[in-house]
Amino acid sequence: QRYRTTFTGAEPFLTDHQVPGAVYLEMARAAVEHAMPTPPDATIVELRDVVLAQPAVLPARTPIHVALMPNGKDGIDFEIYSQDADEEIVHCQGAAITSREQVPAAVDYVLHPTAIDSALQAAGVRFPAALATLRIIAPCSPEMTARVRTAADEIEIDLCDSRGSVV
């Protein structure tokens, strides 16, 4: 399956017409959730082995595509790309799995680009980058804190709501 979105250039999360990595994470999550045959309200989406390759620098009205492909391992591979003449430019790729677990009622599973991008910046993550796993448990709340832990070559980031609960 393929999905497409077109940015106008006026989106508040764009800086100098550059798409932050967090936007690609939300695009992948939304495409996977939309493609699922079961209702998303009882499903947790995990993005794995994510590579944030090259940020898109967009002139106005540039379409960005999300391609989903079954990977034969009970998951979905995704690739987010744009076109430049005849060349496909890959901005992000990885895999997604879903699991049915007990989750809070009425959860949107929406990642707010600014909150995610701020957490990645606080951890020192810059393009190009790779994420081993992104587990989406609950939506971002209006006020959040990022708990960053580093060990050897790994960085772990927990986003917490105002009560300290991981979301």
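This report walks through a predicted model of one protein chain, from its overall layout to a few residues worth finding in the viewer.

## The overall layout

Start with the whole chain. Its secondary structure comes to two helices and eight strands. If you follow the sequence from start to end, these elements appear in the pattern β-α-β-β-β-β-α-β-β-β.

How much of the chain is buried? Of its 167 residues, 41% are buried. The chain exposes about 9,500 Å² of surface, and carbon and sulfur atoms supply 51% of that area.

It also helps to ask which parts of the sequence meet in space. Among contacts with a separation of 6 or more, 66% are between residues 24 or more positions apart.

## The nonpolar core

Now look inside. The largest nonpolar core has 30 residues, and the members that touch the most others are Phe7, Val19, Tyr24, Met27, Leu47, Phe78 and Ile80. Several elements give two or more residues to this core: helix 1 (21-35), strand 2 (43-52), strand 3 (62-70), strand 4 (76-84), strand 5 (87-100) and helix 2 (113-122). Which element supplies the largest share? That is helix 1, with eight residues.

Phe78 is a good residue to click on. Setting aside residues up to four places away in sequence, Phe78 touches Ala28, Leu47, Val50, Ala67, Leu68, Met69, Cys92, Gln93, Gly94, Ala95 and Ala96.

## Helix 1 up close

Helix 1 deserves a visit of its own. With 15 residues at 1.5 Å a residue, helix 1 should span 21 Å, and this agrees with the 22 Å between its end C-alpha atoms.

Why can we call helix 1 largely enclosed by the rest of the structure? Because 12 of its 15 residues are buried. The buried residues are Gly21, Ala22, Val23, Tyr24, Leu25, Glu26, Met27, Ala28, Arg29, Ala31, Val32 and Glu33. Notice that charged residues are on this list, including Glu26, Arg29 and Glu33. They lead us to the next topic.

## Salt bridges

Side chains of opposite charge can pair when their charged atoms come close. How many salt bridges does the structure hold? There are three, and the table shows them.

| Pair | Closest N to O distance |
|---|---|
| Glu26 and Arg29 | 2.5 Å |
| Arg29 and Glu33 | 3.3 Å |
| Glu46 and Arg48 | 2.8 Å |

Two of these pairs can be understood from the helix itself. An α-helix has 3.6 residues a turn, so residues three or four places apart point the same way. Glu26 and Arg29 are three residues apart in helix 1, so about one helical turn separates them. Arg29 and Glu33 are four residues apart in helix 1, which again means about one helical turn. Both Glu26 and Arg29 are buried, and Glu33 is buried as well.

The remaining pair joins Glu46 to Arg48. Glu46 has 10% relative accessibility, so this residue counts as buried. Arg48, with a relative accessible area of 33%, is partly exposed. Looking across the salt bridges, those with shared partners join Glu26, Arg29 and Glu33 into one network.

## A buried asparagine in a loop

Next, find Asn71 in the loop between strand 3 and strand 4. Is Asn71 buried or exposed? The cut-off for buried is under 20% relative accessible area, so Asn71 counts as buried at 19%.

The side chain of Asn71 makes a polar contact with the side chain of Asp77, at 3.2 Å. Leaving out neighbours within four places in sequence, Asn71 is in contact with Ile76, Asp77 and Ala95. Ala95 also appears in the list of residues touched by Phe78.

## Two backbone angles to check

Finally, look at the backbone. Most residues other than glycine have a negative phi, and most peptide bonds are trans. Which residues here have a positive phi without being glycine? Asp49 is one, with phi near 50°, and Ala85 is another, with phi near 60°.

Where do these residues lie? Asp49 is in strand 2, while Ala85 sits in the loop between strand 4 and strand 5. Asp49 is exposed, with a relative accessible area of 56%. Ala85 is exposed too, at 71%.

Definitions and conventions:
Residues are numbered from 1 along each chain as its sequence is written. This is a predicted model: local features need pLDDT of at least 70, side-chain atom pairs count only at pLDDT 80 or more; totals for chains, interfaces and linings use all residues. Side-chain values use heavy atoms; hydrogens and water are left out. A nonpolar core is a set of buried Ala, Val, Leu, Ile, Met, Phe, Trp, Tyr and Cys residues joined through side-chain atoms within 4.5 Å. Buried means under 20% relative accessible area, exposed over 50%, partly exposed in between (1.4 Å probe, protein chains only). Contact means heavy atoms within 4.5 Å. Accessible areas come from the Shrake-Rupley method with a 1.4 Å probe; for residues, only the protein chains shown count as cover. A polar contact is a pair of N or O atoms within 3.5 Å; within protein, one must be able to donate a hydrogen and the other to accept it, and residues adjacent in sequence count only if both atoms are side-chain atoms. The expected span of a helix is 1.5 Å times one less than its number of residues. A salt bridge is a side-chain nitrogen of Lys or Arg within 4 Å of a carboxyl oxygen of Asp or Glu.
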